[in-house]
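Let us walk through this structure together, beginning with one small spot and working outward to the whole chain and its pocket. Keep the viewer open as you read.

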Amino acid sequence: MIIRPLRPDDAPALLAFELANRTWFEQHVAARAPSFYSLSGVTAHIADYLALHDRGAMLPCVLVDEAGAIVGRANLRHIDRVAGTGEVGYRIAHDAGGRGLGSLALRHLLHAARHDYHLQTIDAWITDTNPGSQRIVAKHGFVRLDLAPQAETCGGEQRWAYAWRCVLAPAGDATS
């Protein structure tokens, strides 16, 4: 398994990944616009993410298995180097769940946040019906904040996403 930056030529494989897991993802996160689910939609999505990366505001990554298939996504987004903050998000294919890929993705993002971007705090927004992601972030030092939840529509139902925060040790610290 490798985690690498998203590339423009990932569009066909990313579309296949998103289509194969659409129903699964939409149970836990807000649904994407229908226009996303086409080659042109995914190509535009990648271009947007790479433009944010070029500005230093995002690190978009994919998890690729030994056969070269995309089995997950991991993004460090809303990077604000002045404030020292960012946000993480990840998606793991339904049939790849339970193999530690969510933890692998999160460790990769936290390492980049600490060592490459020198951030101090990282947030994640997780719906109240996603205990798997709640366990993963808690295992990596995130704590749930007492902030008003955000409403999201997942699987046709309203769900609440709650903020979780991780305070990072400075790069080079004995705990990093």
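Leaving aside neighbours within four places in sequence, which residues is glycine 56 in contact with? Keep in mind as you look that this is a predicted model. To find the spot, go to the loop between H2 and E2, where glycine 56 has its place. Once the neighbours within four places are set aside, the contacts of glycine 56 are with Ile79 and Tyr117. The second of these partners comes from a distant part of the sequence: glycine 56 and tyrosine 117 are 61 residues apart along the chain, while their C-alpha atoms lie 8.6 Å apart in space.

With that spot in view, we can step back to the overall layout. The protein has four helices and eight strands, and in sequence order they follow the pattern β-α-α-β-β-β-α-β-α-β-β-β. Of the contacts with a separation of 6 or more, 62% join residues that are 24 or more positions apart. Of the 176 residues in the protein, 48% are buried.

Valine 64 is a good example of a buried residue. It lies in strand E2, which covers residues 59-64. Its relative accessible area is 6%, so valine 64 is buried, the cut-off being under 20%. Beyond its neighbours within four places in sequence, valine 64 is in contact with Met1, Ile2, Arg4, Ala69 and Ile70. Among these, isoleucine 2 is 62 residues away from valine 64 along the chain, yet the two C-alpha atoms are separated by 5.4 Å.

Next, turn to the first two helices of the chain. How far apart are the axes of H1 and H2, and at what angle do the helices pack? The axes are 9 Å apart and the angle is about 110°. Angles of 65 to 115 degrees count as roughly perpendicular, and H1 and H2 are therefore roughly perpendicular to each other. On the H1 side the contact is made by Ala11, Pro12, Leu14 and Leu15, and on the H2 side by Leu39, Val42, Thr43, His45 and Ile46. Sorted by class, this contact has seven nonpolar residues, two polar ones and no charged ones.

The loop between H1 and H2 holds arginine 32. Is arginine 32 buried or exposed? With a relative accessible area of 19%, arginine 32 is buried, since the cut-off is under 20%. Leaving out neighbours within four places in sequence, the residues in contact with arginine 32 are Glu18, Glu26, Tyr37, His45, Arg73 and Arg91. One of them, His45, also takes part in the contact of H1 with H2.

Helix H1 is also the place of tryptophan 24. At 31% relative accessibility, tryptophan 24 counts as partly exposed. Not counting residues up to four places away in sequence, tryptophan 24 touches Ile92 and His94. Between the C-alpha atoms of tryptophan 24 and isoleucine 92 there are 9.7 Å, with their positions 68 residues apart along the chain.

Two histidines deserve a look at their backbone. Most residues other than glycine have a negative phi. Histidine 78, however, has a positive phi of about 50° although it is not a glycine. This residue is found in strand E3, and at 54% relative accessibility histidine 78 counts as exposed. Histidine 118 also has a positive phi, near 55°. Its setting is the loop between H3 and E5, and at 47% relative accessibility histidine 118 counts as partly exposed.

Finally, consider the empty space. The largest pocket has a volume of about 1,100 Å³. Its lining is made up of 43 residues, and Val29, Tyr90, Arg91, Asn130 and Ser133 lie nearest its centre. The elements that give two or more residues to this lining are H1, H2, E3, E4, H3, E5 and H4. Which element gives the most? That is E4, with six residues. By class, the lining has 22 nonpolar, 14 polar and seven charged residues. Arg91, named here near the pocket centre, is also among the contacts of arginine 32.

Technical notes:
Residues numbered from 1 in each chain as written. Predicted model: local features only at pLDDT ≥ 70, side-chain atom pairs only at ≥ 80, totals over all residues. Heavy atoms only, no water. 1 Å grid on protein atoms, 1.4 Å probe; cavity = no way out; pocket = protein on both sides within 12 Å on 5 of 7 lines; lining within 4 Å. Points joined across faces, edges and corners; volume = space filled by probe spheres on them. Nonpolar A, V, L, I, M, F, W, Y, C, P; charged D, E, K, R; others polar. Axes fitted to C-alpha atoms, helices over the stretch in contact; angles between N-to-C directions. Parallel < 35°, antiparallel > 145°, perpendicular 65-115°, else oblique. Contact = heavy atoms within 4.5 Å. Buried < 20%, exposed > 50% of the residue type's maximum accessible area, 1.4 Å probe, protein only.
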